[in-house]
Every structure is written in structure tokens, then in C-alpha cells.
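Colleague: Please take a close look at the interior of this model. I would like the contacts and the cut-offs behind each term.

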Amino acid sequence: MQRFNLLGSTRGRYLAFALMYISEGIPYGFTSVAMVAIMRTEGISIFQIGAFSAALLVPWSFKWVWAPLIDLVKLHRFGGRKAWILLCTTMMIITLVVTALVDFQNNFELLIAMVVLNNFFCATQDVAIDSLAVSTLKRDERAAGNGFMFAGQFFGIAMGGGGAIYVFGRWGFDIALMYISGALLLNWLFILLFVRDPDVIRNFVGAGGNLLREMRKKLREFMRELYTSFLKSGNGPRIGLLFAALPVGSMALNYAILGTIKVDLGLTQSQNSEISIYNTITAAIGCLVGGWLAQRFGVKRMLAVFLASTAIPTTILAMQIEAIGLEQFPLRNFYAVVIAHGAIYGMTFGAHKAVFMGMTNPAVGATQFTAFMSMGNLAIVYSNLWQRYVAQWHGYATVLYFDALFMLVPLAIIPFLRDREPTPAPVPA
């Protein structure tokens, strides 16, 4: 009897990938939002928090190194990419518990090491999910599908970030940790019961004969396909690598700088939780709206509009801080600026990721799409690094002005973006 699989229909695919991306957002929200707020409250410097936030994204920037494992080691007997997702989710729960129990005041280096390990499993899970998405989402589903995926991720960030801060403020750290672990476990059960990898070969029998020879042959074929996908598929993938390494518009109001601004503005734990939840939920709605608009009016056209729009709230906040100072900034205005930026930033995701899916060859989907996404995470890493230095020495207004200005660089490249060109079949002699 055929077992139920959400990936068998358009609506099922949207729902499945949205829920799978929630499991990516929960631990990221907990470490990048909740723990940043807790550390700043405990007196950890902006410089150390910047290092912590950069460490979060190191595995995401280099996940292309081990991404080929997902393409090469299929795990057909255990469910294919579903097995990879379940294994990584299990390890995410274990390492997150250990990370959260580290005394960051006295063992900051250990905290950094555990954060890198936790995000290694998060990043590997993301590779498997993205590979599944590249091979199952249809061409006319990519923008909306990515909108649902990143809406799920932002919802997970809201649960792990603002939600965890709220639980921590009401019932303490242990209950907050149980809440995060329980949410990840529920997602694990959902994947186990309702997701099936359609590319799994049933009744799979491993290669006979020399296993080492078979692996060498498989690796050669994989490298040939990967080379063709990047260098023999038109200019699209090559320009895509450059575009992926650039910031997704003005990003400062979505990462570490936002966390330190909120604390330095004097927000209470309740207010910090409130604005984090509002911001991420609004961003999730933005993902859905942006994905629909991109699918309706064109991916590149709407992506340019969204990227340019991220600079508007960023510049408004910079001007207000410069004019009246952070301490005098009205709380209501701060909420409005941050939430507006979150909505616009969310709109970029469906169109932005759909661009790279169009450049990706499904035969090497895990590796090629991961290469694009890794370059994007590298952009977040170097953005966090330069922003902490500028904020430390020149203040928040200068950071925000530069952040808005850098948006012009990726905007200028959008007209040159192209889908992958199919490789022509060889002509027989």
C-alpha cells in the first residue's frame, strides 16, 4: 500500500517545506535572538556578541564542503534525504541542550565551540531539505514555495527567539530549554510520519563487487556533473555565485546589531520578546506575500523592488538616531521601523531563493544550491563582523547608513541574472 506523502501535491509541498523550515528557525532563533539578549543583559560586550553571532554562521558559510555527502550517500535503505533530516534534527536537539547549559561568563570559548557544532548539524539538515526542494518543487512553484519555506523559518525564529525570551522571563531558563527541545521533537515526528523522499529507490540493492571502485566511479560522475552545472550551463550560475556573496539588501536590522540596539535602547525582556515576535511573524507574512508577488509579476523585477525597499526603514532609523540619539528615540517609532524592515526583508526571500533554484541542476542539487546559499551566509558573517567594529567605534547611525548604501551593489547585478542553460546532449559520431 502506498504510504501518504505530503510531497505528492502542490499544497502538500508548500506545507511540508514550511514545517521543515520551522525546525531550522527554532535553534537559530534561540541562539541568535534569545541568547544574544540574555548575554547583553548579563553585560557581555558588543564585540563578544559580534564574535558569537559570526560563529553561528561559520558552518553555514562552509557547508558546501560536506554538502556532496548528501548527493553521494543516498541512504536509500533508511529513507534517503529524510534520514539525513531526522539524524540532523536529533543532533540539533542534543547539542542545543549542551550549548544552552554552558556558563558563557566563564567559558566563552566553549560556548563558541558548541554553537559551531550545533550549527553544523543545522546547516547539514538545511542541505538535505534544500536538495529535496530543488528536486520536487516545479518551476512555477519555486517563488511561492520559497516564500512558504522562509515563512516557516521566520516563524521558527519567532518561536526560538521572542518565544523563548517570553518563556524565560515567565518561568526561567530550564522551562525555556524544555520548550525549545519539545518544539524540535514535534517537528521530528512530523517529518517521520508525513514526508517521503520521492527519489528513494525501493528494494535498493547495494553495488556488488569492489565497493571502492564503485565509489570512485560515482565520485567521478558527480564531479563531472558538478563541473558542467557551474561552468557549462551558461553565465547564470557563474554570475549567481557573485550575487549570492552579496548582502540581501540592507540587513543590519535583522542580525546582531538589532539585538544590541534593543538592549541599549533599554527594552525590558517583555518588550524585547514582543518586538522579536512581531518582527519575525511580520517577516513570515512578508515571505508569503513576496513569493506570491514574484510568481505573479516576475522574480527579478520584484526582487529589485524588495532589495531597494530594505534601505528605506534602515535610513529612517539612522537619521533619527543621528538627530535625537538612541536614548531619546520613541519606542513606538522604533517598533514601526523594525517591523516594517522585517516585512520588506521577508518579501525578498521567495524571489531571492527562486533565482538560485533556477540556476541549480537537480542531479547535484544538494551541492550546487548549497554553494549558492553558503555564499549568502558568508555575506552575513562578514556583515556582522564589519558592523560590530563600526558600531563599537563610530556608533549605530554610521552602521545603518553604510548598510543602506551597500544595497546598491546587489541591485546593480540583478539585470544580469539568468537561469541555468540545459547541457546539450552529445552528438553521436
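Modeller: I will start with the cores, then go through three helices, the charged pairs and one residue late in the chain.

This is a predicted model: local features need pLDDT of at least 70, side-chain atom pairs count only at pLDDT 80 or more, and totals for chains, interfaces and linings use all residues. Residues are numbered from 1 along each chain as its sequence is written, and side-chain values use heavy atoms, with hydrogens and water left out.

Cores first. Buried here means under 20% relative accessible area, exposed means over 50%, and partly exposed is in between (1.4 Å probe, protein chains only). A nonpolar core is a set of buried Ala, Val, Leu, Ile, Met, Phe, Trp, Tyr and Cys residues joined through side-chain atoms within 4.5 Å. The largest one has 100 residues. Phe-17, Met-20, Phe-30, Phe-52 and Leu-111 have the most contacts inside it. Contact means heavy atoms within 4.5 Å. Leave out residues up to four places away in sequence, and Phe-17 touches Leu-7, Ile-129, Leu-132, Ala-133, Thr-136, Leu-137 and Met-149. A second core, of 25 residues, is separate; Leu-326, Phe-334, Tyr-335 and Trp-386 are among its members.

Phe-52 leads to helix H2, where it is one of the buried residues. Helices are DSSP runs (H or I, at least four residues), numbered from the N terminus. H2 covers residues 46–61, 16 in number. From first C-alpha to last it reaches 22 Å, close to the 22 Å expected. That expected span is 1.5 Å times one less than the number of residues. H2 is mostly covered, with 12 of its 16 residues buried. Besides Phe-52, they include Ile-49, Leu-56, Leu-57 and Trp-60. The cover includes helices H1 (10–41), H5 (108–136), H10 (256–264), H14 (365–394) and H15 (396–406).

Next, H7, residues 173–194. Its 22 residues should span 32 Å, and its end C-alpha atoms are 32 Å apart. Buried along H7 are Ala-176, Leu-177, Ile-180, Ser-181, Ala-183, Leu-184, Asn-187, Phe-190 and Ile-191. An α-helix has 3.6 residues a turn, so residues three or four places apart point the same way. The buried residues of H7 pack against H1, H4 and H6.

H12 is next, residues 299–324. Its 26 residues should span 38 Å, and the end C-alpha atoms are 39 Å apart, which agrees. Its buried residues include Met-302, Phe-306, Thr-310, Pro-313, Leu-317 and Ile-321. H9 (236–244), H11 (269–297), H13 (331–359), H15 and H16 are among what covers them. Just after H12, Gly-325 takes a positive phi of about 85 degrees.

Now the charged pairs. The structure holds five salt bridges, each a side-chain nitrogen of Lys or Arg within 4 Å of a carboxyl oxygen of Asp or Glu. Glu-141 and Arg-13 form one, at 3.0 Å from N to O. Glu-141 sits in the loop between H5 and H6 (142–171), Arg-13 in H1, and the two are 128 residues apart. Both Glu-141 and Arg-13 are buried.

Asp-126 pairs with Lys-63 in another salt bridge, with the closest N and O atoms 2.4 Å apart. This pair joins H5, home of Asp-126, to the loop between H2 and H3 (68–72), home of Lys-63, 63 residues apart. Asp-126 is buried at 3% relative accessible area, and Lys-63 is buried at 1%.

Asp-197 and Arg-81 meet at 2.8 Å, N to O. Asp-197 lies in the loop between H7 and H8 (211–231) and Arg-81 in H4 (residues 81–100), so the pair ties together parts 116 residues apart in sequence. Asp-197 and Arg-81 are both buried. Asp-199 joins them in a network of salt bridges.

Last, Leu-417, in the segment after H16 (408–413). Leu-417 counts as buried because its relative accessibility is 3%. Its contacts, leaving aside neighbours within four places in sequence, are Ile-239, Phe-243, Lys-300, Val-355 and Met-359. Ile-239 is 178 residues away along the chain, yet the C-alpha atoms of Leu-417 and Ile-239 are separated by 6.6 Å.
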